[in-house]
Amino acid sequence: MSAVTIRRQRVEWVVAADRSHLHELAANVILDVLRNTERPVFGFATGGTPLGLYEQLVRRSLENPRLLTRWQDVTGFNLDEYVGLSPEHPQSYHHYMWRYVYRYLPVRPDRMFIPKGIGNLEDNCRSYDESLMKYGWPDVQILGIGKNGHIGFNEPARRLAMNTHVTRLSESTRLANARFFPSARDVPEQAITMGMAGILRAKQIVLLAFGEAKRDALIRAFSGWLGTDVPASLLQLHPHVTVFTDQDIFGDLS
Ligand code: GLP
């Protein structure tokens, strides 16, 4: 079980074949911040990729009473939520966070922010950005990446939004996420997502990308070019990004 760490431009790459080892190494980053920051702010992602990381965070916190109590001081911000799904809906990201993470930890529910996909969406976006400004941008932002290079639900587009906003999901994203729903038709057409500023203002970014399916997105994101057609490419501007991946893409980067 070994991982190779490579620094290329300003991005740190941690490459290993074993995904659970990558989850463990990514968890080390989060737990270090949890230990050493007075009031940590974490940016949380959803999807299949970070589940192993959350499992590690929960298990290692439960094993260590001092670490466990640190979660009382944590503020959490999730990247996104589907429009039209109530927090109780089994496919909502609210439900995901409580099911896989929050129910195990002594977090303050009023400090665990997740965009609301129902009600007045404009108000929800505004109040989300106000909370981000009030509690501070994440110390660490956990990210996955879409096959089309999206981050959060910032989809490839002619222009990218800075702030939290309502977005229309691309067909490829709806298809990719259909596996979590009874059928592709049930995947909502819209979502609320933190904008690019919210993501790029995090002090540190931990990006997880596993499997062949994400290879092309990684290559396009870290090619040395920036483009709104690959929202993840803007991460190249950030001073502290670590990518945890099982894909060796260095031969394909120009
Ligand atoms: C989803 C989420 C993203 C996530 C990405 C990859 O649609 N909005 O935050 O990173 O797509 O998901 P997965 O990890 O399931 O491949």
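# Exercises on a predicted model

Let's start with a helix: helix 2 covers residues 51–62, and its 12 residues reach 17 Å from first C-alpha to last, close to the 16 Å expected at 1.5 Å a residue. That expected span is 1.5 Å times one less than the number of residues. Helices (H or I, at least four residues) and strands (E, at least two) are DSSP runs, numbered from the N terminus.

Some ground rules before you dig in. This is a predicted model, where local features need pLDDT of at least 70, side-chain atom pairs count only at pLDDT 80 or more, and totals for chains, interfaces and linings use all residues. Residues are numbered from 1 along each chain as its sequence is written, and side-chain values use heavy atoms, with hydrogens and water left out.

## Exercise 1: What surrounds helix 2?

Find which residues of helix 2 are buried, and what covers them.

Step 1. Get the cut-offs straight: buried means under 20% relative accessible area, exposed over 50%, and partly exposed in between (1.4 Å probe, protein chains only).

Step 2. Go along the helix: G52, L53, Y54, Q56, L57, V58, R60 and S61 are buried.

Step 3. Look at the cover, which includes helix 1 (19–36), helix 3 (65–70) and helix 4 (93–100), along with strand 3 (41–44), strand 7 (140–143) and strand 10 (204–209).

Step 4. Now try L62, also in helix 2. With a relative accessible area of 45%, L62 is partly exposed. Setting aside neighbours within four places in sequence, L62 is in contact (heavy atoms within 4.5 Å) with L68 and Y104. From the C-alpha of L62 to that of V243 it's 26 Å, and the two are 181 residues apart along the chain.

## Exercise 2: Place strand 10 in its sheet

Work out the strand order of the eight-strand sheet, then describe strand 10 and its partners.

Step 1. Read off the order: 1-2-11-10-7-3-4-6, an open sheet with mixed pairing. Two strands pair if DSSP finds at least two bridges between them.

Step 2. Find the edges. Strand 1 (4–8) and strand 6 (112–113) are the edge strands, each pairing on one side only.

Step 3. See what lies against the sheet. Helix 1 packs on it, touching strand 2 (11–15), strand 3, strand 7, strand 10 and strand 11, and its direction makes about 160° with that of strand 10. For such angles, axes are lines fitted to C-alpha atoms, for helices over the stretch in contact, and the values run from 0 to 180 degrees between N-to-C directions.

Step 4. Check the faces of strand 10. In a regular strand the side chains alternate between the two faces of the sheet. Here Q204, V206 and L208 are on one side, I205, L207 and A209 on the other, and all are buried.

Step 5. Pair strand 10 up. Four bridges join it to strand 7, running parallel, and Q141 has I205 as its bridge partner. Strand 11 (residues 241–245) is also parallel to strand 10, over five bridges, with I205 standing opposite V241.

Step 6. Follow the chain onward: from strand 10 it passes through helix 8 (residues 215–221) to strand 11, a right-handed β-α-β crossover. Right-handed means that, with the strands pointing away from the viewer, the path from the first strand over the helix to the second runs clockwise.

## Exercise 3: Sort out the salt bridges

Say how many salt bridges the whole structure has, then look at some of them.

Step 1. Apply the rule: a side-chain nitrogen of Lys or Arg within 4 Å of a carboxyl oxygen of Asp or Glu. The search finds 10.

Step 2. Take D246 and R19, whose closest N and O atoms are 2.9 Å apart. This pair links distant parts of the chain, 227 residues apart: D246 is in the segment after strand 11, R19 in helix 1. D246 is buried at 17% relative accessible area, while R19 is partly exposed at 40%.

Step 3. Next, R215 and D252 meet at 2.7 Å, N to O. R215 lies in helix 8 and D252 in the segment after strand 11, so the pair ties together parts 37 residues apart in sequence. D252 is partly exposed, at 43%.

Step 4. Finish with D110 and R108, at 3.0 Å between the closest N and O atoms. D110 is partly exposed at 47%, and R108 is partly exposed at 35%.
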